[in-house]
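Hi,

Here is the structure I promised to pass along. Have a look at it first, and then read on for what turned up.

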Amino acid sequence: MSKSILYDATLCINCKQCEGACAEHNHLPYDDTVAAEDHQSEHKFTVVLNKNEKYMRRLCMNCAEPACASVCPVAALRKTPEGPVIYEASRCMGCRYCMVACPFGVPKYEWNKLAPRVQKCTMCADRVQAGEPTACAAICPTGATKFGERDELIAEAQQRLRQNPGQYVNHIYGLNEVGGTSILLLSSVPFEEFGYRTDLTRDPLPIFTYRILSRIPDFIPLGGMVLGGVWWITHRREEVAAAEGEAKQEVFYPQGGDRSTK
Amino acid sequence: MKIKPTFWKLVFLFLMAAGAYATYVRFAKGLGPSTNLSDQFPWGIWIGFDVLCGVMLAAGGFTLTAAVHILNIKRLEPIVRPTILTAFLGYVLVSIALVFDLGKPYNIWHPLIMRNPHSVMFEVAYCVMLYTTVLSLEFSPIVLEHFKLHTLLKIVKAVLIPLVIGGVILSTLHQSSLGTMYLIMPEKLHPFWYSPLLPVFFFLSAIAVGLAMTIFESSMSAKHFGRQLELPIIKELGRVLLVVLGVIGILRFEDLLHRGVLRLMLKPGYEMYLFWLEISLSLIIPLVLLTQKKIRSSAGGLYVASVLVVLGFITNRLNVSITGLESSAGMHYVPKWTELAITAAIIAAGFALFGMAAKYLPIFPAEEHHAQAEGVPAAGAGVFVHAGD
């Protein structure tokens with residue numbers, strides 16, 4: 001069923017091995033300079049933030065109903081049944097609607113390339129498909145990043161909150177945000193401090209557009225009928241008038257007069 | 001307002017040269033070096049102005065064809081052709097702008113075979129593609145007439161009404177859908193502009209701008225092509241424009257009221273100033289002007305009101321697509337010179353193409369008042385004048 005990652009910030013020791021493993025799996029360069037960068041980018045898909053010795057990971061949330069996949073006109077981004085939201089560069093035409101739509105600001109772009117790709121964590125889709133945990137979870141030495149079934153991880157997170165209520169902010173981030181995400185986060189400090197918005201809607205974002213979009217197939221025949229009907233009525237009046245003897249000339253499309261001013 | 005053609009030719013040449021160099025930078029170096037776009041701000045003026053405003057400014061095409069061919073308002077017929085020409089050129093230029101903006105423009109055809117019916121952009125892509133085809137067919141009689149291809153002309157005229165109906169439906173869909181595109185970001189767009197009614201506002205304002213552009217265009221043609229101004233026609237358009245603006249104004253107010261945003265209207269800040277700029281230009285001043293019978297009946301008054309409406313709704317589109325997103329992005333976006341140069345070149349090309357079409361094709365109906373036109377220099381090469389993009 002659907003896989004998830006549970007990241008418990010209280011267990012994290014800021015070793016950044018997840019960053020390195022992520023770079024390796026995605027064939028990205030990783031050295032001390034990259035390790036020092038404190039934001040996600042087209043060459044760094046996950047980052048461990050450090051604020052007064054409190055840590056927090058950022059990575060693609062792999063939403064249950066991703067805005068990015070719903071807005072992509074060519075279906076280059078897709079949600080897989082296993083959980084990961086994957087990207088197919090060969091389909092992409094580079095409209096960047098996914099970047100505009102993502103509520104977490106995750107997709108990044110290769111601005112300096114001539115054939116740019118959208119870049120983001122894809123939750124190690126190939127590994128997950130093969131039944132393995134993601135690279136970041138596999139390497140994590142403390143169990144701060146844990147991979148498993150979403151239902152089981154939620155139960156575990158709830159249990160940790162119950163057992164150590166003083167240790168955590170009472171919130172599993174990703175449980176309900178924008179309809180739920182495949183990444184679940186626990187923290188001892190408010191999530192806002194690391195740039196996570198806690199005012200996000202619980203509704204999956206795609207329904208905001210699909211509510212309107214889904215009506216279009218109904219609208220087309222209705223619109224055609226109404227417009228055709230109006231045309232028939234307005235022109236029928238004319239026929240009646242003509243039949244009643246009023247001289248009215250039929251001018252149809254704009255007449256082909258020559259240009260006058262020459 | 002007589003303008004020396006040579007001056008405008010120089011301006012045109014300068015804009016084209018700058019545009020050509022900017023084009024080189026864009027395609028040789030990529031989007032990064034040629035724009036101020038970034039991961040925080042992925043859409044700039046090529047989307048906000050060239051695409052969103054371009055499609056809106058071309059809305060006169062469906063508004064006028066619907067009025068003349070569906071509602072059978074024959075009085076408006078003399079101005080249908082220039083309006084269709086504007087619309088057709090507008091959509092062609094929007095497509096060109098998209099080629100600049102897309103990261104991989106050679107994949108622009110992908111939506112044809114790679115479908116995602118849940119995507120608003122997918123729907124817009126299809127509508128724009130189909131509607132550009134419709135516009136080229138609606139425009140084709142002008143060309144066919146010129147080259148005396150009577151058989152083809154007959155065929156086009158036979159399918160004209162279904163074409164017009166299709167065009168109106170397609171326009172309704174994509175004009176409103178450009179607003180729907182922004183419904184996906186309730187967390188990002190400032191509450192002045194994020195509204196469940198965005199599609200309705202985009203559609204109604206497209207009609208208003210379509211009418212305003214038609215008034216503007218008729219006035220410009222009168223000035224620069226030495227034509228008689230069709231004052232009775234544009235007076236009629238002015239009255240319709242007044243009603244449409246009234247509807248938009250009421251709806252906009254009700255929307256702000258019910259979403260509880262009215263209190264923000266008096267809270268000084270970046271968004272508030274831009275909101276008032278937009279509302280003043282697009283609604284308040286034109287409404288005040290057009291409700292005066294004297295202004296509504298004069299060529300000058302209608303011209304000023306229509307220019308304000310066009311500028312006002314351009315401000316609206318830019319607020320939705322750029323300024324309204326700045327605070328959630330945590331940064332200000334200012335376009336790079338290359339972005340501006342390409343946009344300016346596209347607009348200039350629009351003016352030039354319109355001028356050329358007006359010179360070589362039977363765009364305007366035969367003038368009845370030749371005496372009026374005499375003594376006024378004929379339109380020169382397409383470089384100066386006239387509404388485009």
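Let's start in chain B, where Lys148(B) sits in the loop that connects helix 6 (120-146) with helix 7 (150-158). Please keep in mind throughout that this is a predicted model. Lys148(B) isn't a glycine, yet its phi is positive, at about 55°. Most residues other than glycine have a negative phi. As for its surroundings, Lys148(B) is exposed, because its relative accessible area of 60% is over the 50% cut-off.

Chain A has a similar case to look at. Asn14(A), again a residue other than glycine, has a positive phi near 60°. You'll find Asn14(A) in the loop between strand 1 (3-8) and helix 1 (17-25) of chain A. Is Asn14(A) buried or exposed? With 19% relative accessibility it counts as buried, since the limit for that is under 20%.

While you're in chain A, look at the hairpin made by strand 2 and strand 3, which has two residues between the strands. One residue in that turn, Asn52(A), has a positive phi of about 50°. Strand 2 (residues 47-51) and strand 3 run antiparallel and are joined by five bridges. If you want a place to get your bearings, Asn50(A) stands opposite Tyr55(A) of strand 3. Strand 3 (residues 54-58) is mostly covered, with four of its five residues buried.

Next, the way the chains meet. The contact draws on 65 residues of chain A and 78 residues of chain B. Together the two chains bury about 6,300 Å², and carbon and sulfur atoms account for 62% of that area. There are 24 residue pairs in polar contact across the interface, counting pairs with both residues at pLDDT 80 or more. On chain A's side, the elements that give two or more residues are helix 3 (67-71), helix 4 (97-101), strand 6 (108-109), helix 8 (206-213) and helix 9 (216-243). Helix 9 gives the most, with 12 residues. Sorted by class, chain A's side of the contact has 39 nonpolar, 16 polar and 10 charged residues.

How many salt bridges cross between chain A and chain B? Just one turns up: the side chains of Arg96(A) and Asp101(B) meet at 2.9 Å, N to O. Both Arg96(A) and Asp101(B) are buried.

Over all chains, the search finds 17 salt bridges. Side chains of opposite charge can pair when their charged atoms come close. Two pairs within single chains are worth opening in your viewer.

The first is in chain A, where the side chains of Arg160(A) and Asp8(A) form a salt bridge at 2.8 Å, N to O. This pair links distant parts of the chain, with Arg160(A) in helix 7 (residues 150-163) and Asp8(A) in strand 1, 152 residues apart. Arg160(A) is buried at 14% relative accessible area, and Asp8(A) is buried too, at 0%.

The other is in chain B, between the side chains of Arg75(B) and Glu236(B), at 2.5 Å, N to O. Here as well the partners come from distant parts of the chain: Arg75(B) is in the loop between helix 4 (60-70) and helix 5, Glu236(B) is in helix 10 (residues 231-258), and 161 residues lie from one to the other. Arg75(B) counts as exposed at 51% relative accessibility, whereas Glu236(B) counts as buried at 17%. Back in chain A, salt bridges with shared partners join Asp8(A), Lys146(A), Glu156(A) and Arg160(A) into one network.

Last stop: Tyr173(A), in the loop between helix 7 and strand 9 (183-186) of chain A. Tyr173(A) is buried, with a relative accessible area of 0%. Beyond its neighbours within four places in sequence, Tyr173(A) is in contact with several residues, among them Met61(A), Phe104(A), Phe191(A) and Tyr196(A). Arg197(A) is another of these contacts, and its backbone oxygen lies 2.5 Å from a polar atom of the Tyr173(A) side chain. By contrast, Arg237(A) is 64 residues from Tyr173(A) in sequence and 65 Å from it in space, C-alpha to C-alpha.

Cheers

Technical notes: Residues numbered from 1 in each chain as written. Chains lettered and ligands numbered in written order. Predicted model: local features only at pLDDT ≥ 70, side-chain atom pairs only at ≥ 80, totals over all residues. Heavy atoms only, no water. Contact = heavy atoms within 4.5 Å. Buried area = accessible area lost by both parts, 1.4 Å probe. Salt bridge = Lys/Arg side-chain N within 4 Å of Asp/Glu carboxyl O. Polar contact = N/O pair within 3.5 Å; in protein donor to acceptor, adjacent residues only side chain to side chain. Nonpolar A, V, L, I, M, F, W, Y, C, P; charged D, E, K, R; others polar. Buried < 20%, exposed > 50% of the residue type's maximum accessible area, 1.4 Å probe, protein only. Pairing = 2+ DSSP bridges.
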